[in-house]
Amino acid sequence: MTFPKTRLRRLRYNPILRELVRDTQISVDDLIYPMFVCPGENIRNEISSMPGQYQLSIDNFISECKNVISKGVKSILIFGIPENKDETGEIACQENSIVQKAIKEIRRQKLNLLVIADVCNCEYTKHGHCGTIIDGDVDNDLTIKTLASQAVSLAKAGADIIAPSDMMDGRVAEIRNSLDKSGFIKIPILSYAVKYASAFYGPFRDAAESAPKDFDRKSYQMDFANSREAFREVEQDLNEGADMIMVKPALSYLDIIYKIKEHTNVPVIAYSVSGEYSMIKAASQNNWIKEMDIVMEIITSIKRAGADIIITYHALDIADRLNNK
Ligand code: PBG
């Protein structure tokens with residue numbers, strides 16, 4: 001049938017009907033909120049390149065967790081800013097390392113939150129790289145040992161999910177083995193499987209104080225011009241025991257999210273990263289765009305592309321919007 005019998009606009013006049021025929025729905029259940037925890041007391045440092053996001057000391061972090069819960073968001077991803085840094089990231093493997101302390105406090109206060117612990121060394125090394133440097137290169141096989149010990153230590157502190165974000169080869173297998181040996185057979189691994197070397201991480205590196213010195217991350221994170229390589233990364237990580245996989249960043253990588261979703265049967269998580277957030281904030285502070293309309297459109301597009309779950313710094317604002325506040 002063609003026009004005039006077919007009129008596609010018929011389904012668009014009534015707002016209730018529009019909602020009824022909508023394919024993609026966003027719910028607070030789809031969202032993960034990233035947070036930054038730092039040492040000290042009563043600290044709430046706004047991150048200059050990420051307005052509305054903060055480095056929080058544990059006391060304020062816990063209050064913010066309560067705020068997150070009150071909005072209906074149930075999952076957080078934690079990054080730590082340590083007091084001191086070292087060469088290998090071992091500083092992140094102690095019982096009293098910053099993220100471990102924060103997680104223990106969440107557990108002590110019995111907050112009903114799903115706690116995802118990012119596992120990486122870049123926030124903890126003086127050189128800002130995701131592993132141990134040998135001869136001017138991040139040494140893969142040494143680094144995965146440090147990541148596994150960080151993972152076990154985070155699981156001991158009470159993390160619900162371990163999320164390695166370093167992009168070393170073989171780290172999922174190493175982490176799975178170590179978790180299992182330490183009795184954490186029930187803790188899932190959310191692998192940052194498809195993580196591109198991206199300029200969109202710029203503001204995060206201010207937030208986490210993790211910018212790499214001397215050389216960039218292109219020898220371990222993926223080349224943004226590649227798409228088929230994403231399948232190899234996903235295949236490897238699933239073979240090694242990843243339970244869920246991530247594509248990161250999100251907005252410039254909707255094609256990758258779509259392909260990975262078609263290709264796999266595990267939950268696909270998309271990380272809408274700091275640069276995506278900061279661009280929206282900057283434009284809306286200039287009144288060039290309507291912030292929440294743009295946010296909802298972008299987040300919906302990420303879900304429409306195939307993401308089951310979205311990590312976003314806008315999570316609390318989206319929750320307010322969904323709750324009609
Ligand atoms: C750590 C890590 C990074 C991000 C998450 N985990 C930065 C990087 O790889 O440089 C980026 C998150 C964001 O930009 O919001 N490896």
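**Tyr313.** I started with Tyr313 and found it buried, at 2% relative accessible area. I'm working from a predicted model here.

**Ring count.** Next I looked up aromatic pairs, and the count came to 8. I took Phe36 with Phe204 to begin with: this pair is tilted, with 5.6 Å centre to centre and 55 degrees between the planes. That angle falls between the 30 and 60 degree cut-offs, so I don't log the pair as stacked or edge-to-face. Phe36 sits in strand β1 (residues 31–38) and Phe204 in helix α6 (residues 202–207), so this contact ties together parts 168 residues apart in sequence.

**Burial.** Are these two rings buried or exposed? Phe36 is buried, with a relative accessible area of 1%. Phe204 counts as buried too, at 13% relative accessibility.

**Back to Tyr313.** Phe36 also pairs with Tyr313, and this one I noted as stacked: 6.3 Å centre to centre, with 5 degrees between the planes. Phe36 is in strand β1, while Tyr313 is in the loop between β12 (309–312) and α11 (315–322). The two are 277 residues apart, so I filed the pair as a link between distant parts of the chain.

**Cluster.** Which residues do the ring pairs link into a cluster? I listed Phe36, Phe79, Tyr192, Phe204, Tyr271, Tyr277 and Tyr313.

**Charges over rings.** Last, I checked for Lys and Arg over ring faces. Arg44 lies over the face of Tyr54, 4.1 Å from the ring centre. Lys195 lies over the face of Tyr201, at 5.4 Å from the ring centre.

Terms used. Residues numbered from 1 in each chain as written. Predicted model: local features only at pLDDT ≥ 70, side-chain atom pairs only at ≥ 80, totals over all residues. Heavy atoms only, no water. Phe/Tyr/Trp six-rings, centres within 6.5 Å; stacked < 30°, edge-to-face > 60°. Helix = DSSP H or I, 4+ residues; strand = E, 2+ residues; numbered from the N terminus. Buried < 20%, exposed > 50% of the residue type's maximum accessible area, 1.4 Å probe, protein only. Lys NZ or Arg CZ within 6 Å of the ring centre and 35° of its normal.
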